[in-house]
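The following exercises concern the fold and the internal spaces of a single protein chain. Please work through each task with the model at hand before reading its solution.

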Amino acid sequence: MDEWSVFLSPYRQAIDELKIKLKGIRQEYKLTNRSSPIEFVTARVKPVQSIIEKASKNNISYDELRKDMYDIAGVRIMCQFVDDIMIIRDLIDKREDMRIIEERDYIKHTKESGYRSYHIIIEYPVSTVDGTVNILAEIQIRTLSMNFWATIEHSLNYKYKGEYPVEIKERLQNAADAAYQLDQEMSLIREEVQEAQKFFSKKRNI
C-alpha cells in the first residue's frame, strides 16, 4: 500500500490545487459582481481497487498507468446553465498552468443511456520533492440537472452492472430527456434568473 500512496500522492496534490484554482475563478466573478459560470466543484482520486480493475480490463501495466489512465484524478464542475459549459471550457483552455489534450462532448453526442456531460482530459504539472510530474486528469463539466441524473444512473448502474431491466432503461432515458429540456427552458430565462440571484444576494448581505 505504501507504493500506491507514493504513486497517488501527486494526483491528490493535483486535485487539491485544481479545486483551489477553479473555486478561485468563481470567487473572481463574485468580487467583480458578475454571475459565475461555476456553481461548485468536487474532486476525487480513483480508489486503488478501481484502478486495478480498470487496468486489468484495459490491459494497462502499472508502469503505464501515468500515461494510459486519464481519470485517476477526477474533477467535476457543476454549472447552472448549458451555455456555461463552454464558457468554463474556454476559461480552462486559456490557462497556462494546465493543457487540454482531449475533449469528449457527450452533450452533442449523448450516450445511449441518456448521459450528458462535457469531458476534458488535461495534462497538469505537479511539483514534488523529486521534480515536476506531469499527470493526466479528467474534468467533467455539467449542469446541475445533468449531475442529478448522472448520480442516480451511477447508483443504478452499480446495482444492475449495466444490464438494466427494459422499464428502468426507458425511464432513465426519459428522465435524461426531461432533465435536458429543463436545462433548455432555464437557458431561455437565464438573464432574469441571474438578475434575481444578484438581487437576492445583495439583499441578504445587507
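Four exercises with worked solutions follow; the model is predicted.

**Exercise 1. Overall architecture**

Task: State how many helices and strands the chain has, and give their order from the N terminus.

Solution.
- Step 1. Counting the elements gives 7 helices and 5 strands.
- Step 2. Read from the N terminus, these elements follow the pattern α-β-α-α-β-α-β-β-β-α-α-α.
- Step 3. For the dimensions, the C-alpha trace spans about 50 × 50 × 30 Å along its principal axes.
- Step 4. To place the annotation, UniProt (unreviewed entry) records "domain: RelA/SpoT" at residues 43-164. This span is 36% helix and 34% strand, and its end C-alpha atoms lie 28 Å apart.

**Exercise 2. Topology of the sheet**

Task: Determine the strand order of the sheet, and state in which sense β2 and β5, β4 and β5, and β3 and β4 pair.

Solution.
- Step 1. The 5 strands form an open sheet with mixed pairing, in the order β1-β2-β5-β4-β3. At its edges stand β1 (40-45) and β3 (99-105), each of which pairs on one side only. Direction ignored, neighbouring strands are turned by 25° against each other on average.
- Step 2. Strands of a sheet pair through backbone hydrogen bonds, in either a parallel or an antiparallel sense.
- Step 3. The pairing of β2 (residues 73-79) with β5 (residues 131-143) is parallel and comprises 7 bridges. Within this pair, Ala 73 is opposite Ala 137 in β5.
- Step 4. β4 and β5 are antiparallel, with 11 bridges, and Pro 125 faces Asn 134 in β5 as its opposite residue. The two strands make a hairpin, with 2 residues between them.
- Step 5. β3 and β4 also run antiparallel, joined by 6 bridges; here Glu 102 has Ile 121 in β4 as its bridge partner.

**Exercise 3. Helices packed on the sheet**

Task: Which strands do α1 and α5 touch, and what angles do these helices make with β1 and β5, respectively?

Solution.
- Step 1. Strand β5, which pairs with β2 over 7 bridges, is a useful starting point. Helix α1 (residues 2-31) packs on the sheet and touches β1, β2, β4 (118-128) and β5. The direction of α1 makes about 180° with that of β1.
- Step 2. Helix α5 also packs on the sheet, in contact with β1, β2 and β5. Its direction makes about 100° with that of β5.

**Exercise 4. Pocket and cavity**

Task: Give the volume and the lining of the largest pocket, then those of the largest cavity.

Solution.
- Step 1. The largest pocket has a volume of about 1600 Å³. Its lining consists of 36 residues, and those nearest its centre are Lys 46, Asp 71, Glu 153, His 154 and Asn 157.
- Step 2. Two or more lining residues each come from β1, α2 (48-57), β2, β5, α5 and α6. The largest share, 6 residues, belongs to α5.
- Step 3. By class, the pocket lining has 10 nonpolar, 12 polar and 14 charged residues.
- Step 4. A search of the whole structure yields 1 cavity of 30 Å³ or more. The volume of the largest cavity is about 50 Å³.
- Step 5. Gly 114, Arg 116, Met 146, Trp 149, Ala 176, Ala 179 and Tyr 180 line this cavity. Here α5 (144-160) and α6 (166-188) are the elements that give two or more residues, and α6 provides the largest share, 3 residues.
- Step 6. The classes in the cavity lining are 5 nonpolar, 1 polar and 1 charged.

Technical notes. Residues numbered from 1 in each chain as written. Predicted model: local features only at pLDDT ≥ 70, side-chain atom pairs only at ≥ 80, totals over all residues. Heavy atoms only, no water. 1 Å grid on protein atoms, 1.4 Å probe; cavity = no way out; pocket = protein on both sides within 12 Å on 5 of 7 lines; lining within 4 Å. Points joined across faces, edges and corners; volume = space filled by probe spheres on them. Helix = DSSP H or I, 4+ residues; strand = E, 2+ residues; numbered from the N terminus. Nonpolar A, V, L, I, M, F, W, Y, C, P; charged D, E, K, R; others polar. UniProt positions renumbered as here; feature names shortened; annotations may be inferred. Pairing = 2+ DSSP bridges. Axes fitted to C-alpha atoms, helices over the stretch in contact; angles between N-to-C directions. Contact = heavy atoms within 4.5 Å.
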